[in-house]
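Biologist: I am new to this structure and would like a close look at a single part of it. Please pick one helix, go through its residues, and then place it among its surroundings.

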Amino acid sequence: MEVNVTSSLRITHLFANRLLDRGEKGAICFTSSSSCFIPSPMSAMYGATKAFLTHFATSLAAEVGPSGIQVLVIHPSPVDSNFYSNTRGLGAMESAKKTAVSAETVAKSILSSVGRTVIKDQGYFTVGTRLLLKVLDLNLFADIAAAGIGLAGDYWKLKKDRSAEKKKR
């Protein structure tokens, strides 16, 4: 919450106000996630904070765009970063890590997109998820996720880990 919401708000307000006060043009970029537009079981706060970033960016773009400030929010597919260092052996995260792109690839996508679009969907997972949501209604997708979570091995692993942690307390 502090990284994805609070710090993003503070930094954006600081620099957007500076640009507006000086009458300067500029760009503000956010890194969101495809988790923002699909259910994110076992990482609900992550998905929710990324949804905030996307909504904030799209609304901010309309507010500051006429003043010459470009806003971009990118939804990258898995990125090879330290994000995966504390995934506790979850299969879904291990699979994502295997197909992750470099941070340089994401940076190039950002630089080539600023001023051309407000939302940039980058990579196979994000584009595939967007296409899936064109076919499958989000309400139905959420119902399927809620009903099917018990079939996910990662769910049971986290539940077992939680029980073990509870016993330690």
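Modeller: What follows starts with one helix and then moves outward to cores, cysteines and charged pairs.

The model is predicted, so local features need pLDDT of at least 70 and side-chain atom pairs count only at pLDDT 80 or more, while totals for chains, interfaces and linings use all residues. Residues are numbered from 1 along each chain as its sequence is written, and side-chain values use heavy atoms, with hydrogens and water left out.

The part chosen is helix α2, which covers residues 44-64 and contains K50. Helices (H or I, at least four residues) and strands (E, at least two) are DSSP runs, numbered from the N terminus.

K50 is buried yet has no salt bridge. Buried means under 20% relative accessible area, exposed means over 50%, and partly exposed lies in between, using a 1.4 Å probe and protein chains only. A salt bridge is a side-chain nitrogen of Lys or Arg within 4 Å of a carboxyl oxygen of Asp or Glu. For K50, the nearest side chain of opposite charge is D121, 13 Å away; in this count Lys and Arg are positive and Asp and Glu negative, with His and the chain ends not counted. The side chain of K50 does have a polar contact of 3.4 Å with that of N4. Such a contact is a pair of N or O atoms within 3.5 Å; within protein, one must be able to donate a hydrogen and the other to accept it, and residues adjacent in sequence count only if both atoms are side-chain atoms. Leaving aside residues up to four places away in sequence, K50 touches N4, T31, S32, S33 and C36, where contact means heavy atoms within 4.5 Å.

M45 also lies in helix α2. Its relative accessibility is 51%, so M45 counts as exposed.

Helix α2 also takes part in the largest nonpolar core, which has 13 residues; I28, F30, A57, L60, V64, I69 and V71 have the most contacts inside it. A nonpolar core is a set of buried Ala, Val, Leu, Ile, Met, Phe, Trp, Tyr and Cys residues joined through side-chain atoms within 4.5 Å. At least two residues of this core come from each of α1 (2-22), β1 (26-31), α2 and β2 (69-76). The most comes from α2, with six residues. One core residue, V64, touches L20, I69 and V71, not counting residues up to four places away in sequence. Apart from this core lies another, of five residues, including I74, V79, V106 and I110.

C36, listed above as touching K50, leads to the cysteines. A search of the whole structure finds zero disulfides, a disulfide being a pair of cysteine sulfur atoms within 2.5 Å. C29 is in no disulfide, and the nearest cysteine sulfur, that of C36, is 16 Å away. C36 counts as buried because its relative accessibility is 17%.

D121, named above as the nearest side chain of opposite charge to K50, pairs with R130 in a salt bridge of 2.8 Å, N to O. D121 is partly exposed, with a relative accessible area of 23%, and R130, at 27%, is also partly exposed. The count comes to three salt bridges. Among them is K108 with E104, whose closest N and O atoms are 3.2 Å apart; K108 and E104 are both exposed.
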